[in-house]
Amino acid sequence: MPKHKPDRKIPALMLQGTSSNAGKSVLTAALCRILLQDGYSVAPFKAQNMALNSFVTPDGREIGRAQAVQAAACRLEPDARMNPVLLKPSSDTGSQVIVMGHAVGNMRVKEYVSFKPEAFRTVQQAYDSLSAQHDVMVLEGAGSPAEINLKAHDIVNMQMARYADARVLLVGDIDRGGVFASLVGTMELLDPWERDLVAGFVLNRFRGDASLLDPALEYTTRKTGKPFFGVVPHVTELGLPEEDSVSFKEAMCRNMPKAGSCVDVALIDLPHIANFTDLDALSGEPDVRVRGVRSPGELGRPDCILIPGSKNTLGDLEWLRRTGLASAIEQMGRQSAENAPEIVGICGGLQMLGRSVEDPLQVESDGRNDQTEGLGLLNVHTIMGPDKVLTRVEGTHTAFDLSVCGYEIHHGRTQVGEGGGVSPCVVLPDGTAAGYSTADGRVWGTYMHGVFDADEFRRAFVDRLRSRRGEAPLGRVVAPYSLDPALDRLAAVVREALDMSAVYRLLGLS
(Lines give C-alpha, C1' and ligand atoms only; values in the text may rest on other atoms or scores of the structure.)
Protein backbone atom coordinates (compact mmCIF):
# COMPACT_ATOMS: atom_id res chain seq x y z
CA MET A 1 0.00 0.00 0.00
CA PRO A 2 1.16 3.61 -0.56
CA LYS A 3 3.20 5.24 2.14
CA HIS A 4 2.24 8.63 3.54
CA LYS A 5 2.98 11.68 1.44
CA PRO A 6 6.41 13.21 2.08
CA ASP A 7 6.68 16.79 3.35
CA ARG A 8 7.56 18.26 -0.03
CA LYS A 9 5.92 18.67 -3.40
CA ILE A 10 3.92 15.64 -4.44
CA PRO A 11 6.21 12.94 -5.92
CA ALA A 12 6.30 13.54 -9.66
CA LEU A 13 7.78 11.83 -12.69
CA MET A 14 7.95 13.47 -16.11
CA LEU A 15 8.30 11.83 -19.51
CA GLN A 16 9.98 13.97 -22.14
CA GLY A 17 11.07 12.90 -25.60
CA THR A 18 13.83 13.39 -28.10
CA SER A 19 11.10 14.29 -30.61
CA SER A 20 7.38 14.50 -31.10
CA ASN A 21 5.58 11.16 -31.42
CA ALA A 22 8.26 9.31 -29.43
CA GLY A 23 5.52 7.59 -27.44
CA LYS A 24 5.43 9.86 -24.38
CA SER A 25 1.63 9.90 -24.17
CA VAL A 26 1.30 6.13 -24.25
CA LEU A 27 4.08 5.58 -21.72
CA THR A 28 2.52 8.21 -19.46
CA ALA A 29 -0.78 6.32 -19.61
CA ALA A 30 1.05 3.06 -18.87
CA LEU A 31 2.80 4.46 -15.80
CA CYS A 32 -0.47 5.98 -14.58
CA ARG A 33 -2.14 2.57 -14.78
CA ILE A 34 0.80 0.81 -13.10
CA LEU A 35 0.78 3.27 -10.20
CA LEU A 36 -2.98 2.89 -9.89
CA GLN A 37 -2.65 -0.90 -9.85
CA ASP A 38 -0.06 -0.57 -7.07
CA GLY A 39 -2.47 1.35 -4.87
CA TYR A 40 -1.59 4.99 -5.50
CA SER A 41 -3.89 7.88 -6.24
CA VAL A 42 -2.29 9.18 -9.44
CA ALA A 43 -3.14 11.87 -11.98
CA PRO A 44 -1.68 12.87 -15.36
CA PHE A 45 -0.61 16.37 -16.35
CA LYS A 46 0.49 18.07 -19.56
CA ALA A 47 0.94 21.81 -19.26
CA GLN A 48 0.51 22.55 -22.95
CA ASN A 49 -0.71 20.28 -25.69
CA MET A 50 -0.89 21.04 -29.41
CA ALA A 51 -3.47 18.74 -30.96
CA LEU A 52 -6.63 18.70 -33.02
CA ASN A 53 -7.78 15.64 -31.14
CA SER A 54 -9.72 16.85 -28.12
CA PHE A 55 -12.26 15.68 -25.57
CA VAL A 56 -14.99 17.25 -23.45
CA THR A 57 -14.87 16.96 -19.67
CA PRO A 58 -18.04 16.34 -17.62
CA ASP A 59 -18.21 20.04 -16.75
CA GLY A 60 -18.06 21.12 -20.41
CA ARG A 61 -14.39 21.97 -20.86
CA GLU A 62 -12.05 20.97 -23.67
CA ILE A 63 -8.74 19.12 -23.19
CA GLY A 64 -6.42 17.02 -25.31
CA ARG A 65 -7.71 13.52 -26.00
CA ALA A 66 -4.38 12.06 -24.84
CA GLN A 67 -4.96 13.45 -21.36
CA ALA A 68 -8.48 12.02 -21.36
CA VAL A 69 -6.97 8.59 -22.09
CA GLN A 70 -4.41 9.10 -19.33
CA ALA A 71 -7.24 10.04 -16.97
CA ALA A 72 -8.94 6.78 -17.91
CA ALA A 73 -5.70 4.99 -17.04
CA CYS A 74 -6.02 6.51 -13.57
CA ARG A 75 -9.76 5.74 -13.52
CA LEU A 76 -10.46 9.44 -13.13
CA GLU A 77 -12.89 11.69 -14.95
CA PRO A 78 -11.06 13.99 -17.39
CA ASP A 79 -10.31 17.35 -15.78
CA ALA A 80 -9.23 20.61 -17.43
CA ARG A 81 -6.45 20.90 -14.84
CA MET A 82 -4.78 17.88 -16.46
CA ASN A 83 -4.21 19.93 -19.64
CA PRO A 84 -4.59 23.60 -18.77
CA VAL A 85 -3.39 24.88 -22.16
CA LEU A 86 -4.50 23.33 -25.46
CA LEU A 87 -3.45 24.71 -28.85
CA LYS A 88 -5.58 23.74 -31.85
CA PRO A 89 -3.79 24.74 -35.07
CA SER A 90 -6.09 26.35 -37.63
CA SER A 91 -3.32 27.30 -40.10
CA ASP A 92 0.44 26.97 -40.52
CA THR A 93 1.03 30.04 -38.33
CA GLY A 94 -1.93 30.29 -35.96
CA SER A 95 -3.91 28.32 -33.40
CA GLN A 96 -6.98 28.58 -31.28
CA VAL A 97 -5.76 28.91 -27.71
CA ILE A 98 -7.77 27.08 -25.06
CA VAL A 99 -7.04 27.81 -21.40
CA MET A 100 -8.59 25.72 -18.64
CA GLY A 101 -10.96 24.24 -21.15
CA HIS A 102 -12.27 27.43 -22.75
CA ALA A 103 -11.15 29.20 -25.92
CA VAL A 104 -9.55 32.60 -25.29
CA GLY A 105 -8.98 33.45 -28.96
CA ASN A 106 -6.94 32.72 -32.05
CA MET A 107 -3.28 33.69 -31.86
CA ARG A 108 -0.35 33.70 -34.23
CA VAL A 109 2.99 32.49 -32.94
CA LYS A 110 4.33 35.84 -31.72
CA GLU A 111 1.04 36.67 -30.03
CA TYR A 112 1.10 33.38 -28.18
CA VAL A 113 4.73 33.84 -27.09
CA SER A 114 3.69 37.15 -25.51
CA PHE A 115 0.76 35.39 -23.83
CA LYS A 116 2.87 32.55 -22.42
CA PRO A 117 3.81 34.16 -19.07
CA GLU A 118 0.12 34.54 -18.26
CA ALA A 119 -0.53 31.00 -19.49
CA PHE A 120 2.24 29.61 -17.28
CA ARG A 121 0.73 31.19 -14.18
CA THR A 122 -2.50 29.36 -14.97
CA VAL A 123 -0.53 26.15 -15.57
CA GLN A 124 1.12 26.42 -12.15
CA GLN A 125 -2.20 27.03 -10.41
CA ALA A 126 -3.75 24.05 -12.18
CA TYR A 127 -0.86 21.79 -11.23
CA ASP A 128 -0.91 22.85 -7.58
CA SER A 129 -4.65 22.30 -7.33
CA LEU A 130 -4.61 18.90 -9.03
CA SER A 131 -1.52 17.53 -7.35
CA ALA A 132 -2.85 18.42 -3.91
CA GLN A 133 -5.56 15.79 -4.42
CA HIS A 134 -3.27 12.88 -5.31
CA ASP A 135 -0.33 10.82 -4.06
CA VAL A 136 1.79 11.05 -7.20
CA MET A 137 1.79 12.89 -10.53
CA VAL A 138 2.92 11.68 -13.96
CA LEU A 139 3.72 14.57 -16.27
CA GLU A 140 4.21 14.60 -20.02
CA GLY A 141 6.38 17.02 -21.95
CA ALA A 142 5.90 18.15 -25.54
CA GLY A 143 8.15 17.76 -28.55
CA SER A 144 11.75 17.92 -27.36
CA PRO A 145 13.29 19.85 -24.45
CA ALA A 146 16.27 20.63 -26.72
CA GLU A 147 14.37 22.92 -29.11
CA ILE A 148 16.77 25.77 -28.50
CA ASN A 149 14.57 28.29 -30.31
CA LEU A 150 11.74 27.58 -27.84
CA LYS A 151 13.57 27.12 -24.55
CA ALA A 152 13.49 30.79 -23.57
CA HIS A 153 9.71 30.69 -23.24
CA ASP A 154 9.21 27.02 -22.38
CA ILE A 155 6.22 26.20 -20.17
CA VAL A 156 5.81 22.47 -20.87
CA ASN A 157 9.19 20.75 -20.61
CA MET A 158 12.08 21.58 -18.24
CA GLN A 159 10.50 24.69 -16.75
CA MET A 160 7.48 22.62 -15.80
CA ALA A 161 9.66 19.80 -14.47
CA ARG A 162 11.52 22.29 -12.28
CA TYR A 163 8.28 23.79 -10.99
CA ALA A 164 6.85 20.36 -10.16
CA ASP A 165 10.15 19.12 -8.69
CA ALA A 166 9.81 16.21 -11.12
CA ARG A 167 12.54 13.85 -12.24
CA VAL A 168 12.66 13.36 -16.00
CA LEU A 169 12.87 10.20 -18.07
CA LEU A 170 13.95 10.99 -21.64
CA VAL A 171 12.16 8.78 -24.19
CA GLY A 172 13.66 7.90 -27.55
CA ASP A 173 11.85 6.10 -30.37
CA ILE A 174 14.31 3.48 -31.62
CA ASP A 175 11.96 2.55 -34.47
CA ARG A 176 12.85 5.87 -36.13
CA GLY A 177 16.60 5.21 -36.26
CA GLY A 178 19.34 7.47 -34.90
CA VAL A 179 17.99 7.16 -31.38
CA PHE A 180 21.35 7.13 -29.58
CA ALA A 181 22.51 10.24 -31.42
CA SER A 182 19.19 11.83 -30.45
CA LEU A 183 19.63 10.99 -26.77
CA VAL A 184 23.25 12.19 -26.62
CA GLY A 185 22.49 15.26 -28.73
CA THR A 186 19.54 16.22 -26.55
CA MET A 187 21.70 16.03 -23.44
CA GLU A 188 24.40 18.16 -25.09
CA LEU A 189 21.87 20.89 -25.89
CA LEU A 190 20.46 21.06 -22.37
CA ASP A 191 21.69 23.56 -19.80
CA PRO A 192 23.43 22.08 -16.73
CA TRP A 193 20.37 22.52 -14.50
CA GLU A 194 18.22 20.79 -17.11
CA ARG A 195 20.64 17.86 -17.38
CA ASP A 196 20.47 17.51 -13.59
CA LEU A 197 16.72 16.93 -13.84
CA VAL A 198 17.16 14.02 -16.25
CA ALA A 199 17.27 10.77 -14.28
CA GLY A 200 17.81 8.51 -17.27
CA PHE A 201 16.54 7.17 -20.56
CA VAL A 202 13.82 4.89 -21.93
CA LEU A 203 14.02 3.32 -25.37
CA ASN A 204 10.61 2.85 -26.94
CA ARG A 205 9.21 0.70 -29.78
CA PHE A 206 12.07 -1.79 -30.04
CA ARG A 207 11.71 -4.83 -32.31
CA GLY A 208 13.91 -7.85 -31.67
CA ASP A 209 16.37 -9.10 -29.06
CA ALA A 210 17.03 -6.31 -26.56
CA SER A 211 20.35 -7.86 -25.50
CA LEU A 212 21.79 -6.76 -28.85
CA LEU A 213 21.51 -3.17 -27.61
CA ASP A 214 23.82 -3.67 -24.63
CA PRO A 215 26.98 -2.11 -26.19
CA ALA A 216 25.03 0.97 -27.29
CA LEU A 217 23.32 1.34 -23.92
CA GLU A 218 26.63 1.08 -22.08
CA TYR A 219 28.30 3.62 -24.38
CA THR A 220 25.44 6.11 -24.06
CA THR A 221 25.49 5.82 -20.27
CA ARG A 222 29.27 6.41 -20.18
CA LYS A 223 28.89 9.39 -22.51
CA THR A 224 26.06 11.07 -20.60
CA GLY A 225 26.31 9.67 -17.09
CA LYS A 226 22.64 8.67 -17.27
CA PRO A 227 21.34 5.08 -16.99
CA PHE A 228 18.63 3.36 -19.00
CA PHE A 229 15.45 2.51 -17.13
CA GLY A 230 14.33 0.02 -19.76
CA VAL A 231 13.64 -0.91 -23.35
CA VAL A 232 9.94 -1.04 -24.23
CA PRO A 233 9.04 -3.34 -27.12
CA HIS A 234 7.07 -2.26 -30.16
CA VAL A 235 3.45 -3.04 -29.36
CA THR A 236 1.14 -3.40 -32.36
CA GLU A 237 -2.60 -2.76 -32.25
CA LEU A 238 -2.63 -1.13 -28.84
CA GLY A 239 -6.32 -0.39 -29.09
CA LEU A 240 -5.75 3.14 -27.75
CA PRO A 241 -6.51 6.44 -29.50
CA GLU A 242 -3.63 7.95 -31.46
CA GLU A 243 -2.23 11.11 -29.90
CA ASP A 244 -2.10 13.29 -33.02
CA SER A 245 -2.64 13.34 -36.76
CA VAL A 246 0.97 12.31 -37.43
CA SER A 247 0.57 8.94 -35.75
CA PHE A 248 -2.98 8.64 -37.06
CA LYS A 249 -1.89 9.08 -40.67
CA GLU A 250 0.93 6.59 -40.16
CA ALA A 251 -1.62 4.11 -38.81
CA MET A 252 -3.83 4.68 -41.86
CA CYS A 253 -0.85 3.93 -44.11
CA ARG A 254 -0.26 0.67 -42.21
CA ASN A 255 -3.93 -0.34 -42.36
CA MET A 256 -3.55 -3.19 -44.82
CA PRO A 257 -6.52 -5.24 -46.04
CA LYS A 258 -7.84 -7.71 -43.46
CA ALA A 259 -8.45 -11.37 -44.11
CA GLY A 260 -11.75 -12.13 -45.80
CA SER A 261 -14.33 -9.77 -47.22
CA CYS A 262 -14.45 -6.36 -45.50
CA VAL A 263 -16.73 -3.38 -45.57
CA ASP A 264 -14.70 -0.63 -47.25
CA VAL A 265 -14.80 2.77 -45.48
CA ALA A 266 -13.08 5.64 -47.30
CA LEU A 267 -12.04 8.25 -44.73
CA ILE A 268 -11.46 11.66 -46.29
CA ASP A 269 -8.05 12.70 -44.93
CA LEU A 270 -8.66 16.44 -44.52
CA PRO A 271 -5.69 18.82 -44.07
CA HIS A 272 -7.16 20.04 -40.75
CA ILE A 273 -8.63 16.71 -39.66
CA ALA A 274 -9.81 16.78 -36.03
CA ASN A 275 -11.02 14.19 -33.54
CA PHE A 276 -10.00 11.36 -35.85
CA THR A 277 -10.37 8.94 -32.93
CA ASP A 278 -14.05 8.85 -33.90
CA LEU A 279 -12.92 6.03 -36.22
CA ASP A 280 -11.05 3.92 -33.65
CA ALA A 281 -13.94 1.66 -32.72
CA LEU A 282 -15.07 1.28 -36.33
CA SER A 283 -11.60 0.35 -37.59
CA GLY A 284 -11.38 -2.22 -34.79
CA GLU A 285 -14.18 -4.29 -36.33
CA PRO A 286 -12.79 -7.44 -37.97
CA ASP A 287 -14.96 -6.98 -41.07
CA VAL A 288 -14.22 -3.27 -41.62
CA ARG A 289 -11.28 -1.63 -43.32
CA VAL A 290 -10.88 2.14 -42.84
CA ARG A 291 -8.47 3.71 -45.35
CA GLY A 292 -7.38 7.30 -45.80
CA VAL A 293 -8.22 9.06 -49.08
CA ARG A 294 -6.68 12.30 -50.40
CA SER A 295 -7.58 12.24 -54.10
CA PRO A 296 -10.48 11.14 -56.33
CA GLY A 297 -8.37 8.32 -57.76
CA GLU A 298 -8.07 6.79 -54.28
CA LEU A 299 -11.82 6.69 -53.65
CA GLY A 300 -12.54 3.55 -55.65
CA ARG A 301 -16.01 2.10 -54.96
CA PRO A 302 -16.32 2.25 -51.16
CA ASP A 303 -19.27 1.07 -49.14
CA CYS A 304 -19.08 4.22 -47.06
CA ILE A 305 -17.44 7.64 -47.42
CA LEU A 306 -16.77 9.26 -44.08
CA ILE A 307 -15.96 12.97 -43.74
CA PRO A 308 -14.49 13.59 -40.27
CA GLY A 309 -14.24 16.66 -38.10
CA SER A 310 -12.16 19.68 -39.07
CA LYS A 311 -10.61 22.64 -37.30
CA ASN A 312 -11.00 24.71 -40.47
CA THR A 313 -14.20 23.65 -42.19
CA LEU A 314 -14.14 26.39 -44.83
CA GLY A 315 -10.49 25.80 -45.66
CA ASP A 316 -11.03 22.05 -45.94
CA LEU A 317 -14.06 22.58 -48.16
CA GLU A 318 -11.86 24.62 -50.49
CA TRP A 319 -9.31 21.78 -50.43
CA LEU A 320 -12.02 19.31 -51.42
CA ARG A 321 -12.83 21.54 -54.39
CA ARG A 322 -9.18 21.91 -55.46
CA THR A 323 -8.46 18.19 -55.30
CA GLY A 324 -11.62 17.18 -57.16
CA LEU A 325 -12.84 15.18 -54.17
CA ALA A 326 -15.86 17.44 -53.75
CA SER A 327 -17.15 16.64 -57.26
CA ALA A 328 -16.47 12.94 -56.79
CA ILE A 329 -18.31 12.82 -53.46
CA GLU A 330 -21.22 14.87 -54.82
CA GLN A 331 -21.53 12.52 -57.79
CA MET A 332 -21.52 9.42 -55.58
CA GLY A 333 -24.04 11.04 -53.27
CA ARG A 334 -26.49 11.42 -56.15
CA GLN A 335 -26.07 7.95 -57.62
CA SER A 336 -28.91 5.47 -57.71
CA ALA A 337 -29.64 3.68 -54.45
CA GLU A 338 -28.27 0.40 -55.80
CA ASN A 339 -24.78 1.77 -56.48
CA ALA A 340 -24.36 4.63 -54.04
CA PRO A 341 -22.14 4.40 -50.97
CA GLU A 342 -23.40 5.63 -47.63
CA ILE A 343 -21.96 9.09 -46.95
CA VAL A 344 -21.45 10.12 -43.34
CA GLY A 345 -20.19 13.39 -41.86
CA ILE A 346 -19.14 13.99 -38.26
CA CYS A 347 -19.11 17.53 -36.87
CA GLY A 348 -17.23 19.52 -39.53
CA GLY A 349 -18.12 16.72 -41.92
CA LEU A 350 -21.82 17.33 -41.22
CA GLN A 351 -21.29 21.02 -41.98
CA MET A 352 -19.53 20.19 -45.27
CA LEU A 353 -22.40 17.95 -46.40
CA GLY A 354 -24.75 20.95 -46.23
CA ARG A 355 -25.43 23.67 -48.76
CA SER A 356 -23.23 26.37 -47.25
CA VAL A 357 -20.95 27.28 -44.35
CA GLU A 358 -20.67 30.90 -43.25
CA ASP A 359 -18.06 32.37 -40.90
CA PRO A 360 -18.92 36.07 -40.62
CA LEU A 361 -16.83 36.55 -37.47
CA GLN A 362 -13.82 34.66 -38.91
CA VAL A 363 -13.92 32.13 -36.10
CA GLU A 364 -12.13 29.57 -38.26
CA SER A 365 -11.48 31.27 -41.59
CA ASP A 366 -8.64 33.71 -42.22
CA GLY A 367 -10.75 36.47 -43.70
CA ARG A 368 -10.11 35.65 -47.36
CA ASN A 369 -13.41 33.81 -47.66
CA ASP A 370 -16.05 33.85 -44.96
CA GLN A 371 -18.67 31.89 -46.90
CA THR A 372 -18.18 28.63 -48.79
CA GLU A 373 -20.55 26.45 -50.76
CA GLY A 374 -20.98 23.02 -49.22
CA LEU A 375 -21.35 19.67 -50.95
CA GLY A 376 -25.11 20.15 -51.12
CA LEU A 377 -26.01 16.58 -50.16
CA LEU A 378 -28.00 17.67 -47.09
CA ASN A 379 -30.38 20.61 -47.14
CA VAL A 380 -28.83 22.33 -44.12
CA HIS A 381 -26.88 25.55 -43.64
CA THR A 382 -24.24 26.32 -41.00
CA ILE A 383 -23.20 29.66 -39.50
CA MET A 384 -20.13 29.84 -37.26
CA GLY A 385 -20.68 31.67 -33.98
CA PRO A 386 -18.36 33.08 -31.31
CA ASP A 387 -19.41 30.61 -28.61
CA LYS A 388 -18.21 27.03 -28.78
CA VAL A 389 -20.58 24.20 -27.91
CA LEU A 390 -18.81 21.89 -25.43
CA THR A 391 -21.02 19.19 -24.00
CA ARG A 392 -21.31 15.48 -23.32
CA VAL A 393 -24.42 14.06 -24.96
CA GLU A 394 -26.54 10.93 -25.14
CA GLY A 395 -29.21 10.26 -27.69
CA THR A 396 -30.82 7.88 -30.16
CA HIS A 397 -29.91 7.14 -33.75
CA THR A 398 -33.36 7.08 -35.29
CA ALA A 399 -32.56 4.77 -38.23
CA PHE A 400 -31.74 1.93 -35.81
CA ASP A 401 -33.56 3.11 -32.68
CA LEU A 402 -30.33 2.49 -30.78
CA SER A 403 -28.62 4.54 -28.08
CA VAL A 404 -25.47 6.50 -28.92
CA CYS A 405 -23.37 8.78 -26.75
CA GLY A 406 -20.37 11.06 -27.09
CA TYR A 407 -19.58 14.75 -27.01
CA GLU A 408 -19.97 17.89 -29.10
CA ILE A 409 -17.21 20.41 -29.87
CA HIS A 410 -18.18 23.01 -32.47
CA HIS A 411 -18.71 26.68 -33.18
CA GLY A 412 -21.25 26.14 -35.96
CA ARG A 413 -25.03 26.25 -35.61
CA THR A 414 -26.74 24.15 -38.29
CA GLN A 415 -30.32 24.68 -39.46
CA VAL A 416 -32.52 22.94 -42.00
CA GLY A 417 -32.97 24.89 -45.25
CA GLU A 418 -36.22 25.86 -46.95
CA GLY A 419 -38.02 22.93 -48.47
CA GLY A 420 -36.83 20.45 -45.86
CA GLY A 421 -36.02 17.07 -47.34
CA VAL A 422 -34.00 16.03 -44.31
CA SER A 423 -34.95 14.66 -40.91
CA PRO A 424 -33.18 14.31 -37.58
CA CYS A 425 -31.05 11.16 -37.44
CA VAL A 426 -29.55 11.64 -33.96
CA VAL A 427 -32.01 12.95 -31.39
CA LEU A 428 -31.19 13.99 -27.82
CA PRO A 429 -33.55 13.30 -24.88
CA ASP A 430 -35.02 16.81 -25.07
CA GLY A 431 -35.90 16.31 -28.74
CA THR A 432 -33.01 18.41 -30.06
CA ALA A 433 -31.50 17.19 -33.30
CA ALA A 434 -27.77 16.43 -33.15
CA GLY A 435 -27.66 15.29 -36.76
CA TYR A 436 -29.62 15.11 -40.00
CA SER A 437 -30.26 12.53 -42.72
CA THR A 438 -31.75 12.28 -46.18
CA ALA A 439 -35.05 10.43 -46.42
CA ASP A 440 -33.39 7.22 -47.63
CA GLY A 441 -30.65 7.36 -44.99
CA ARG A 442 -27.88 7.25 -47.60
CA VAL A 443 -26.43 10.57 -46.48
CA TRP A 444 -26.32 11.59 -42.84
CA GLY A 445 -24.23 13.61 -40.45
CA THR A 446 -24.04 14.31 -36.75
CA TYR A 447 -22.31 16.66 -34.34
CA MET A 448 -21.78 13.75 -31.94
CA HIS A 449 -18.13 12.74 -31.67
CA GLY A 450 -17.82 9.14 -30.54
CA VAL A 451 -21.05 8.06 -32.19
CA PHE A 452 -19.41 4.82 -33.34
CA ASP A 453 -18.19 3.91 -29.84
CA ALA A 454 -21.58 2.37 -28.97
CA ASP A 455 -21.18 -1.35 -29.66
CA GLU A 456 -24.74 -2.19 -30.70
CA PHE A 457 -25.12 0.85 -32.94
CA ARG A 458 -21.73 0.33 -34.59
CA ARG A 459 -22.55 -3.31 -35.37
CA ALA A 460 -25.97 -2.37 -36.76
CA PHE A 461 -24.34 0.28 -38.97
CA VAL A 462 -21.73 -2.17 -40.26
CA ASP A 463 -24.35 -4.84 -40.83
CA ARG A 464 -26.39 -2.38 -42.91
CA LEU A 465 -23.33 -1.80 -45.09
CA ARG A 466 -22.80 -5.56 -45.33
CA SER A 467 -26.39 -6.06 -46.45
CA ARG A 468 -26.07 -3.40 -49.14
CA ARG A 469 -23.07 -5.21 -50.59
CA GLY A 470 -24.98 -8.48 -50.63
CA GLU A 471 -23.45 -10.09 -47.55
CA ALA A 472 -25.25 -11.52 -44.55
CA PRO A 473 -25.22 -9.33 -41.43
CA LEU A 474 -23.43 -10.77 -38.41
CA GLY A 475 -26.24 -9.72 -36.10
CA ARG A 476 -24.17 -9.58 -32.92
CA VAL A 477 -21.43 -7.49 -31.30
CA VAL A 478 -18.10 -9.08 -32.22
CA ALA A 479 -15.59 -6.43 -31.15
CA PRO A 480 -16.61 -4.65 -27.91
CA TYR A 481 -14.89 -1.27 -27.66
CA SER A 482 -13.33 -0.49 -24.30
CA LEU A 483 -10.13 1.31 -23.32
CA ASP A 484 -9.77 -0.37 -19.94
CA PRO A 485 -8.56 -3.81 -21.11
CA ALA A 486 -6.19 -2.12 -23.55
CA LEU A 487 -4.72 -0.02 -20.74
CA ASP A 488 -4.19 -3.13 -18.62
CA ARG A 489 -2.41 -4.88 -21.51
CA LEU A 490 -0.21 -1.84 -22.06
CA ALA A 491 0.63 -1.58 -18.36
CA ALA A 492 1.67 -5.25 -18.28
CA VAL A 493 4.07 -4.75 -21.20
CA VAL A 494 5.63 -1.60 -19.74
CA ARG A 495 5.88 -3.03 -16.22
CA GLU A 496 7.86 -5.96 -17.64
CA ALA A 497 10.11 -3.68 -19.73
CA LEU A 498 10.97 -0.97 -17.19
CA ASP A 499 12.92 -1.22 -13.96
CA MET A 500 9.94 -0.27 -11.83
CA SER A 501 11.93 -0.62 -8.61
CA ALA A 502 14.22 2.12 -9.89
CA VAL A 503 11.20 4.23 -10.88
CA TYR A 504 9.75 3.93 -7.39
CA ARG A 505 13.10 4.85 -5.82
CA LEU A 506 13.20 7.88 -8.10
CA LEU A 507 9.80 8.96 -6.83
CA GLY A 508 10.77 8.33 -3.21
CA LEU A 509 7.99 5.77 -2.90
CA SER A 510 10.08 2.74 -1.94
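Leaving aside its neighbours within four places in sequence, which residues is Trp193 in contact with? In this predicted model, Trp193 touches Met158, Gln159 and Arg162 once those sequence neighbours are set aside. The points below begin with this tryptophan, then turn to an open sheet of four strands, to helix H2 (residues 65–73), and to some of the 30 salt bridges that a search of the whole structure finds.

**Trp193 and its surroundings**

- Trp193 is found in helix H6, which covers residues 192–197, and with a relative accessibility of 26% this residue counts as partly exposed.
- Gly64 lies 129 residues from Trp193 along the chain, and the C-alpha atoms of the two residues are separated by 29 Å.

**The four-stranded sheet**

- The strands of the open sheet follow the order E3-E6-E7-E8, and their pairing is mixed; strand E3 (48–50) and strand E8 (102–108) form the edges, each of them pairing on one side only.
- From one strand to the next, the twist averages 25 degrees.
- Strand E3 runs parallel to its partner, strand E6 (residues 85–89), and the two are joined over three bridges, with Leu86 in E6 serving as the bridge partner of Asn49.
- Helix H3 (residues 109–131) packs on this sheet and touches E3, E6, strand E7 (94–99) and E8, while the direction of the helix makes about 145 degrees with that of E8.

**Helix H2**

- Helix H2 is mostly covered, since eight of its nine residues are buried; among them are Arg65, Gln67 and Gln70, as well as Ala66, Ala68 and Val69.
- After H2 comes Arg75, a residue whose phi is positive, near 55 degrees.

**A salt bridge between strands E5 and E6**

- Glu62 and Lys88 form a salt bridge in which the closest N and O atoms are 2.6 Å apart, and this pair links distant parts of the chain, with Glu62 in strand E5 (residues 62–64) and Lys88 in strand E6, 26 residues apart.
- Glu62 counts as buried because its relative accessibility is 1%, and Lys88 is likewise buried, with a relative accessible area of 4%.

**Salt bridges around helix H13**

- Asp287 and Arg466 meet through their side chains in a salt bridge, at 3.0 Å from N to O; Asp287 lies in the loop between helix H9 (280–283) and strand E15 (288–293), whereas Arg466 belongs to helix H13 (residues 455–468), so the pair ties together parts that are 179 residues apart in sequence.
- Asp287 is buried, its relative accessible area being 6%, and Arg466 also counts as buried, at 11% relative accessibility.
- Arg469 forms a salt bridge with Asp303, and here the closest N and O atoms are 2.5 Å apart; Arg469 sits in the loop between H13 and helix H14 (483–497), and Asp303 in the loop between E15 and strand E16 (304–307), which places the partners 166 residues apart.
- How exposed are the two partners, buried or partly exposed? Arg469 is partly exposed, with a relative accessible area of 31%, whereas Asp303 counts as buried at 15% relative accessibility.
- Through shared partners, salt bridges join Glu285, Asp287, Asp303, Asp455, Arg458, Arg459, Asp463, Arg466, Arg469 and Glu471 into one network.

How values were computed. Residues numbered from 1 in each chain as written. Predicted model: local features only at pLDDT ≥ 70, side-chain atom pairs only at ≥ 80, totals over all residues. Heavy atoms only, no water. Pairing = 2+ DSSP bridges. Axes fitted to C-alpha atoms, helices over the stretch in contact; angles between N-to-C directions. Contact = heavy atoms within 4.5 Å. Buried < 20%, exposed > 50% of the residue type's maximum accessible area, 1.4 Å probe, protein only. Salt bridge = Lys/Arg side-chain N within 4 Å of Asp/Glu carboxyl O.
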